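Open the model in your viewer and keep the selection tool at hand. This tour goes stop by stop, with something to select at each one.

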Amino acid sequence: MPSIGTTLYLALVVAWGASFYQWYVNDFFAVTLGIGRVIQTIDEFPYTCRRIEHPRLEACEDIWLDNEAKTLYAACAGTEGRLQWSPAMKHLNATGRRPGGSELIALDIDYPGADGLYNLRAIKPAGYNGATGDESLDFVGFDAQILDGDTIRFYLINLRPPVGAFNNIIDATKLGANATIEVFETRRGEDQMRHLRTVWSPAVWSPNRVAAVGGGAFFVTNDHSGKIGWRRELDDFIGGGNVAYCDGNGECHAAFNGDEEDEDLPQASMNEPKYKALVNRALKLIPKTKLKFPNGLTRGFDGLIYVPSSVDGQIRVFSINDDNTLKQLDTIHVRMPLDNVSPDAKGDLYVPGFPSGIQSAKGLANPYEEISPVSIWRIRKTVDLGPDGVRSVDYRVEKVIEDRDAKVLSGATTIRHDVKTGRLFISAAVHPFLAVCEPR
Ligand SMILES: *[C@@H]1O[C@H](CO)[C@@H](O)[C@H](O)[C@H]1NC(C)=O
Ligand SMILES: *[C@@H]1O[C@H](CO)[C@@H](O)[C@H](O)[C@H]1NC(C)=O
C-alpha cells in the first residue's frame, strides 16, 4: 500500500502532467500551428491594401512611425540576404548577407508621390565601424525616441557576424551571431544618422527588439535560450529566451527569466525515494512559465512593458521594479503566434499574428513561392474605476484585417497605425515588400 503522502504526490504529478498534455494537444496544435483555425480573407475587411515594392524595401523586419513628422522608418536587410543570415531562424551563412548590409529607410507617409514610394531614401550611418572593419549593419528590430523637438535617437539591433583574427568572418554555425545594439542619432529631415555608441553584453545573446525607456536605457528580448546548440531546439516546447535590461552606460543584466520554480510542484528532498527525485528532476526541466520565443517587445503609453510570444500567442504585461527587473501583472491571450507589438499615437497596440503556423514556416523559408497568411490585431486597454474605487484593467483584443491567401499581405512582422488617417503600414522580416492599408 502506498502511503497517503505518496498517493497525494502521484496525484499531483498526474494532474500536472495532464495540464501539460492539455497544453500540447490544445495549445500547440490549435494556437501555435493553427490547425482547424478559420482564417478570413482580406476583402472581408473595410480596407484597401496595396504593396509598396522596391528592392530597398525588402525584408524590413521592423518599422517605426514618427507620428508628428509623419515619417516612417524601416530597417531593411534584403530578402536574399535575410534567407542566408537570420540567426533567429537558424540561417547562419554570414557571407551570404547583402553586400553593404542593412539600411534604415525613411518614407514620408503623407507624400506618396507619382511612383507611390513616399520619397523613399536611406538614412546613412556616419561614424560607425562594423565587425569586419566596414560600415555594414545587420538590422532586425529597433526602437526610437524623440528627444527634443527635432532629435531622434535610434536603438538598432545589429546582428554582427562573429570575427576572428584580422576581422575575418568565422563560421557562425559554430558561434552564432555576435549581436550588439547600436545607438544612433539623427535630426528630423536629415538623411544621415550619427553613431553614438555600441552596447555589447553577455546578457544579450539573441536580441530581437528593443524597448527604450529613457536616459539611454532599454529592455531587450533574447528570443532564444542560446545563440546556437541543441537546447534551442526545445525552446518552443519548454521555453527559452528572456528579457534583459541595459542601462545608459551599456551595463546589462537579466530582467525576467520566467518563473524558474513552479510552486505547485512537490519538491524533492534527501529522504525521498529515488523515483520521486527523478520525477521531480524531469518535471523541473519543463517549467511552465518560461517565455516561449519572446519576440518584439514594446513600452506602452502606460509605462508597462509588453512582451509577445511567437509560440504561445500571449502578450505578457510587466511593470518595472526599482532594480529594473520585471514583474508580471497580466497576460493578454491573442491565441496565435505573434511578432512585434507597437503602440500608435493614442496608445492602442498593434501586433501581427501568424494564423497558420505551418504555412508560415513554409512562407518564411521560401518567400518567393510560398505564402505566409497574416492577421492584424489591435489591443485596446480599458481601465474602469468601480464604485468601490477598485481599478479593473481589461484588454480588448480585436482583429483588424486578415489575409488568408496572402493576396496583399504576407509574413507581416510589424504594423504601424497612423491615427490621423487610419492607415496601417505593414512590414515583413523576410518578404520583399512593405504594404499600406487604407480604410474604405
Ligand atoms: C553562403 O552564401 C554565399 C553567397 O550567397 C554562397 O555563395 C554560399 O554558397 C552560401 N553558403 C552556404 C553554406 O549556403
Ligand atoms: C563580439 O563583439 C565584441 C564587441 O564589439 C567584440 O569585442 C568581440 O571580439 C566580438 N567577438 C566575436 C567572436 O566576433
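Select N93 and ligand 1. A polar side-chain atom of N93 lies 2.4 Å from an oxygen atom of ligand 1. That pair is a polar contact, meaning N or O atoms within 3.5 Å; within protein, one atom must be able to donate a hydrogen and the other to accept it, and residues adjacent in sequence count only if both atoms are side-chain atoms. Taken alone, ligand 1 exposes 370 Å², and the protein buries 29% of that. These areas come from the Shrake-Rupley method with a 1.4 Å probe; for residues, only the protein chains shown count as cover.

Now show what surrounds ligand 1: Q84, N93, T95 and G96. A residue qualifies if one of its heavy atoms lies within 4 Å of the molecule. By class, this shell has four polar residues, no nonpolar ones and no charged ones. In this scheme Ala, Val, Leu, Ile, Met, Phe, Trp, Tyr, Cys and Pro count as nonpolar, Asp, Glu, Lys and Arg as charged, and the others, Gly among them, as polar.

A word on the source before moving on. This is a predicted model, in which local features need pLDDT of at least 70 and side-chain atom pairs count only at pLDDT 80 or more, while totals for chains, interfaces and linings use all residues. Residues are numbered from 1 along each chain as its sequence is written, chains are lettered from A and ligands numbered from 1 in the order in which they are written, and side-chain values use heavy atoms, with hydrogens and water left out.

**Ligand 2**

Select ligand 2 next. Which residues are around ligand 2? They are R160, P162, V163, N178 and W200. Three of the shell residues are nonpolar, one is polar and one is charged.

Draw three distances here. From an oxygen atom of ligand 2 to a side-chain N or O atom of N178 is 2.3 Å. A polar backbone atom of V163 is 2.9 Å from a ligand 2 oxygen. For R160, a side-chain N or O atom is 3.3 Å from an oxygen of ligand 2. Ligand 2 taken alone exposes 360 Å², of which the protein buries 54%.

**Strand β10 and its partners**

Select residues 151-158, strand β10. Strands (E, at least two residues) and helices (H or I, at least four) are DSSP runs, numbered from the N terminus. Is β10 mostly covered or mostly open? Mostly covered: eight of its eight residues are buried. Buried means under 20% relative accessible area, exposed over 50%, and partly exposed in between (1.4 Å probe, protein chains only). Colour the two faces separately. T151, R153, Y155 and I157 are on one side, and I152, F154, L156 and N158 on the other.

Add β9, residues 139-146. β9 and β10 pair antiparallel over six bridges; two strands pair if DSSP finds at least two bridges between them. I146 has I152 as its bridge partner in β10. The two strands form a hairpin with four residues between them.

Then add β11, residues 180-187. Eight bridges join β11 to β10, again antiparallel. Find F154: its bridge partner in β11 is F184.

**A four-stranded sheet**

Move to β17 through β20. The order is β17-β18-β19-β20, an open sheet with antiparallel pairing. The edge strands, β17 (298-299) and β20 (326-333), each pair on one side only. Inside the sheet, four bridges join β18 (305-308) to β19 (314-320). Look for I305, which stands opposite F318 in β19.

**Two loop residues**

Select E68, in the loop between β2 (60-66) and β3 (71-76). E68 counts as exposed because its relative accessibility is 55%. Beyond residues up to four places away in sequence, E68 touches I146, R188 and K420; contact means heavy atoms within 4.5 Å. Its side chain makes a polar contact with the side chain of R188 at 3.4 Å. K420 is 352 residues from E68 along the chain, yet their C-alpha atoms are separated by 9.9 Å.

Last, select R98, in the loop between β5 (91-92) and β6 (103-108). The R98 side chain reaches the backbone oxygen of C76 at 3.2 Å. Contacts of R98 outside its neighbours within four places in sequence also include P55, G81 and E103.

**Zoom out**

Show the whole chain. It has seven helices and 27 strands. Of its 440 residues, 55% are buried.
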